[in-house]
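This report describes the fold of one protein chain, beginning with its strands and closing with its overall dimensions. The sequence and the structure are shown first.

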Amino acid sequence: MASKSLIAIIGGVVFLLFYFIRRVKRQKFRRQGKTAKAKVIELVSKTDIRHGHLYYPIVKFTLENGEHIRAQYSDGTMPAAYKKGEEVTVYYQPDQPEDFTIEGQQRMDVLVLLIGLILLGVGLYLQFSPIR
């Protein structure tokens, strides 16, 4: 039972760390970054052992200086969170516009937070429960 509780606790901590890293990045982009309207021009499907099958949107947007940026979003989802042709708002850093975040991804962040809290709670319960 101790190994199951330890696995749940570690899993919960990993999910919570992932949530807080994403949250800090999003807040930084909103405070210091620029905003642009973007269009999803393509969805790239990738499969890997760690994450399974995920869809990554490729967006196109224009910087304040008129330069056009075409870049793949770093966060993949399953099912696809966006549709080809969908318009979204992006936040980007002027010195590195290819590194951006898309407004409206908070639902996924909340899901990651909830999974982390549930795993941590279950792990702590299993670890310290008097019933074994």
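In which sense, parallel or antiparallel, do strand β1 and β4 pair, and over how many bridges? Strand β1, residues 34–48, and β4 pair in the antiparallel sense, and six bridges connect them. The model under discussion is a predicted one.

**Strand β4 and its partners**

Within the pairing of β1 with β4, Lys-39 stands opposite Glu-87 of β4. Strand β4 covers residues 87–93, and six of its seven residues are buried, so this strand is largely enclosed by the rest of the structure. Burial here refers to a relative accessible area under 20%. Strand β4 also pairs with β5, residues 96–102, again in the antiparallel sense, over four bridges. These two strands, β4 and β5, form a hairpin with two residues between them. At this hairpin, Gln-93 has Gln-96 in β5 as its bridge partner.

**The β2–β3 hairpin**

Strand β2, residues 52–62, runs antiparallel to β3, and five bridges join the two. One point of register is given by Val-59, which stands opposite Ala-71 in β3. The hairpin formed by β2 and β3 has five residues between the strands, and Gly-66 in the turn has a positive phi of about 95°. Strand β3, residues 68–72, has two distinct faces: Ile-69 and Ala-71 lie on the covered face, whereas His-68, Arg-70 and Gln-72 make up the uncovered one. Ala-71, the residue opposite Val-59, thus belongs to the covered face of β3.

The strand pairings described above are collected below.

| Strand pair | Sense | Bridges |
|---|---|---|
| β1 and β4 | antiparallel | six bridges |
| β2 and β3 | antiparallel | five bridges |
| β4 and β5 | antiparallel | four bridges |

**The chain as a whole**

The secondary structure comprises two helices and five strands, and from the N terminus the elements follow the order α-β-β-β-β-β-α. The radius of gyration is 18 Å, whereas a compact globule of 132 residues would have one near 14 Å. Along the principal axes, the C-alpha atoms fill a box of roughly 65 × 30 × 20 Å. Of the 132 residues, 34% count as buried.

Among contacts between residues at least 6 apart in sequence, 62% join residues at least 24 apart. The protein exposes about 8,700 Å², of which carbon and sulfur atoms supply 62%. As for charge, the mean positions of the 19 positive and 12 negative charges are 7 Å apart.

Terms used: Residues numbered from 1 in each chain as written. Predicted model: local features only at pLDDT ≥ 70, side-chain atom pairs only at ≥ 80, totals over all residues. Heavy atoms only, no water. Rg over C-alpha atoms; globule rule 2.2 N^0.38 Å. Buried < 20%, exposed > 50% of the residue type's maximum accessible area, 1.4 Å probe, protein only. Contact = heavy atoms within 4.5 Å. Areas by Shrake-Rupley, 256 points an atom, 1.4 Å probe, with all protein chains shown as cover. Lys, Arg positive; Asp, Glu negative; His and termini not counted. Charge placed at Lys NZ, Arg CZ, Asp CG, Glu CD. Pairing = 2+ DSSP bridges.
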